[in-house]
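This briefing introduces a protein structure for study. Please view the sequence and the structure together before reading the points that follow.

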Amino acid sequence: MSPRAGNAGSHTLAFVESPVQLLNVLEWAHAHAPGVGLTLVVLSPVDPMTRGQLRRMSELAREEGHEVRWEEARGGAAAPLQTIGGLAGPLRRADRVLLGDPFSRYVQLLLTITRARDLVVVDDGTATMEFVGQLARGERLVRWHRKGGRRGPRDLLLAPVSAVARRRLTPGGRRRVEVFSSMPVADIPTGVTVSANAFAWTRARFGPPRITRTADMVGTSLVETGVVDADAYLEAVRSLAKAHGATRYFAHRRESTGKLHRLAVETGLEIVRPELPLELIARRGPIGGTVLSFPSTVVHTLPLALSGTEVRIAVCDINPAWLTENASPRAQGFLSGVTGTARDVHRLSAVATA
């Protein structure tokens, strides 16, 4: 263990499934438990790009003095049972549990085991906004882009687990619930504590970056989640890149290889697959003087990570005509809210819709 960190033993457990969640656990530790080591459990996905970023983030976590436990949680049919069985003991002993995705079925199963009195939800992007709202309204936990759809057999089978997880995430008695977020959250449930993630660890650890005279663009997985039409998205990227002189396109870790190849051929953009979350990539630099984005987490997080620099973050609203016929009825309103709250809070420039 690093001499910079104390030994918290098994008292604090953190469960992460994405690089951004891991980053925000490090931010929480920096803000709320400086010098104290925690046990960070990576529930590894199968996607190669996500796994690569998680490996790199795990190295940074170890350098900060935290213990990292890598679980091949999806490595075969028996993997979930083996993973949950192996974590049952540490879960029961933990006084505090941090989690990055309350919508995750895996995390919900783990919440049925824990006896921790302190539960902390760290940012998993814009989904945090929806989670807080659903908790306040007493709704079942469901991702925003699926809301309005019919529940499938798997949803019905796991409904009791989701219900228990929701009760665990509701403050009561001696149980405390905190949301550690850089996102604007409204309708905060009674008893839930919200603390601000200002990306202080990121700024202290990296940068300041060298700023180039060109523009960079941030990719999104809205096509992959079935929200935005692929052809409309490509045309929007092409128009924005031409209008603002963008030269690089930072791919979202969930973007398909086929779509990225098409973007490279038809737009001339250099496709970059980051080895770390974009907040760290931007802070290390070099980064464009203008960063273009569609509604996503980064329109809230990049201004914090790049605080003190002259980088301009510009966000392009999603044209309703770009939505697929299968998009959730919630999609347009949710995405507009992501953009609107970011502009109000961080005074971002809005890019005209392509």
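The points below concern confidence, a pair of helices, and salt bridges.

The model is predicted, and its protein chain has an average pLDDT of 86. Two stretches, residues 1-10 and residues 344-354, have pLDDT values below 50.

**Confidence**

- A pLDDT of at least 70 is reached by 89% of the residues.
- Residues 1-10, where pLDDT stays under 50, have 25 contacts beyond four places in sequence in the model.
- For residues 344-354, also below 50, the model has 35 contacts beyond near neighbours in sequence.
- Where pLDDT is low, predicted coordinates should not be read in detail.

**Helices α1 and α2**

- Helix α1 spans residues 19-32 and helix α2 spans residues 48-63; their axes come within 9 Å and cross at roughly 15°.
- Angles under 35 degrees count as roughly parallel, and α1 and α2 are therefore roughly parallel to each other.
- The crossing of these two helices, α1 and α2, is left-handed.
- On the α1 side, the residues in contact are P19, L22, L23 and L26, which meet T50, Q53, L54, M57, S58 and A61 of α2.
- Sorted by class, this contact of α1 with α2 comprises seven nonpolar residues, three polar residues and no charged residues.

**Salt bridges**

- The whole structure contains 16 salt bridges according to the search.
- One salt bridge joins E59 and R56, with the closest N and O atoms 3.3 Å apart.
- E59 and R56 are separated by about one helical turn, because they lie three residues apart in helix α2.

Methods
Residues are numbered from 1 along each chain as its sequence is written. This is a predicted model: local features need pLDDT of at least 70, side-chain atom pairs count only at pLDDT 80 or more; totals for chains, interfaces and linings use all residues. Side-chain values use heavy atoms; hydrogens and water are left out. pLDDT is the predictor's confidence in each residue, from 0 to 100. Contact means heavy atoms within 4.5 Å. Axes are lines fitted to C-alpha atoms, for helices over the stretch in contact, and angles run from 0 to 180 degrees between N-to-C directions. Helices (H or I, at least four residues) and strands (E, at least two) are DSSP runs, numbered from the N terminus. Angles under 35 degrees count as roughly parallel, over 145 as roughly antiparallel, 65 to 115 as roughly perpendicular and the rest as oblique. A crossing is left-handed if the near helix is turned anticlockwise from the far one by less than a right angle, and right-handed if clockwise. Ala, Val, Leu, Ile, Met, Phe, Trp, Tyr, Cys and Pro count as nonpolar, Asp, Glu, Lys and Arg as charged, and the others, Gly among them, as polar. A salt bridge is a side-chain nitrogen of Lys or Arg within 4 Å of a carboxyl oxygen of Asp or Glu.
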